[in-house]
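Let's learn to read a structure together, one question at a time. Have a look first, then ask away.

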Amino acid sequence: MRWGILQFPGSCDERDALQACSLSGEARLVWHESRDLDGVDAVVVPGGFSYGDYLRAGAIARFSPAMEAVAEFAGGGGAVLGICNGFQVLCETGLLPGALLVNESLRFVCRQVELQVEGLHPPQGTQFFNRPEKTLSIPAKHGEGRYWAPEETLDALEANGQVAFRYAPGQNPNGSARDIAGVRNAAGNVLGLMPHPEHAVDAMTGSTDGLRVFEAVAGARA
Amino acid sequence: MAKARVLIRPKEGILDPQGKAVERALPALGFEGVGHVRVGRMVELEAEDPARLPELCEKLLANPLIEDFEIEEIDAASSAPTNP
């Protein structure tokens with residue numbers, strides 16, 4: 001398994017993602033100016049503040065050469081995981097539906113959250129969530145994590161099993177619509193979530209539940 | 001070069017916590033009777049081809065899913081700074 005982790009000016013979680021991915025294969029960073037993904041099996045778009053998050057979070061990263069390559073990779077069925085800012089970038093790029101808005105509280109949140117894993121019946125041919133149902137304990141840290149999409153889009157996401165993760169009851173940290181913490185595309189190969197699985201891969205930091213997210217992505221590759 | 005001003009605001013129906021925060025702060029400052037505050041942003045620019053501005057707004061300046069935008073072309077006279 002070979003992972004590529006994008007690195008933009010302003011990324012800050014790419015090293016943790018690199019470390020997390022190294023636990024299940026080879027992992028390397030891909031600089032934002034590179035159009036060459038070097039034949040990796042899966043791509044992680046990491047957290048941080050790409051290009052300073054000027055204008056809107058993820059709006060400028062969308063136009064980077066590396067993201068153009070990722071869009072092509074995803075279009076061909078490649079597995080892509082967007083975490084936090086990476087989730088925002090994937091939404092801005094149109095690889096995932098919806099948008100991430102400023103937290104309802106207007107406060108930056110940084111705390112451990114419990115996630116309910118959903119979408120256990122993925123579209124045929126994908127194996128994203130082929131694991132027993134369980135809540136995952138994973139840290140969330142963001143100022144713009146309120147997932148929003150039009151009501152009819154939310155209905156369609158639920159009907160298609162594209163809601164990947166929900167905050168456990170009472171734990172929604174940002175006012176996200178329908179407690180949504182993460183979604184995937186219709187094909188099942190692109191997944192985005194606000195909480196940070198890459199910060200939960202070592203018992204030393206309290207939880208190794210994040211590993212399951214990386215396992216799921218590894219299982220989604222063609 | 002044509003000068004233009006782009007006004008971007010959250011779509012109607014989308015919760016705007018920044019607007020709400022401003023709205024809630026006003027009574028404490030003695031400004032009663034102000035409601036429906038929406039906070040957006042304004043981008044000023046000069047463009048060689050103003051016909052391309054709508055496309056530029058849809059692709060970058062605004063996210064059409066969550067924001068409405070208005071393009072206002074401004075001539076040199078009206079863009080001069082005015083003092084209250």
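Q: Is A:Leu55 buried or exposed, and why?
A: A residue is buried if 20 or more other C-beta atoms (placed from the backbone) lie within 10 Å of its own, exposed if 12 or fewer, and partly exposed in between. A:Leu55 counts as partly exposed because it has 17 C-beta neighbours inside 10 Å. This is a predicted model, where local features need pLDDT of at least 70, side-chain atom pairs count only at pLDDT 80 or more, and totals for chains, interfaces and linings use all residues. Residues are numbered from 1 along each chain as its sequence is written, while chains are lettered from A and ligands numbered from 1 in the order in which they are written.

Q: Where is A:Leu55?
A: Helices (H or I, at least four residues) and strands (E, at least two) are DSSP runs, numbered from the N terminus. A:Leu55 sits in the loop between strand E3 (42-45) and H2 of chain A. Its phi is near 75 degrees, a positive value in a residue other than glycine.

Q: What is phi of A:Asp179 near?
A: Phi of A:Asp179 is near 60 degrees, again a positive value in a residue other than glycine. A:Asp179 belongs to the loop between strand E9 (163-167) and strand E10 (180-184) of chain A.

Q: How many residues of chain A are in contact with chain B?
A: Two residues are in contact if their C-beta atoms, placed from the backbone, lie within 7 Å. Here, nine residues of chain A are in contact with nine residues of chain B.
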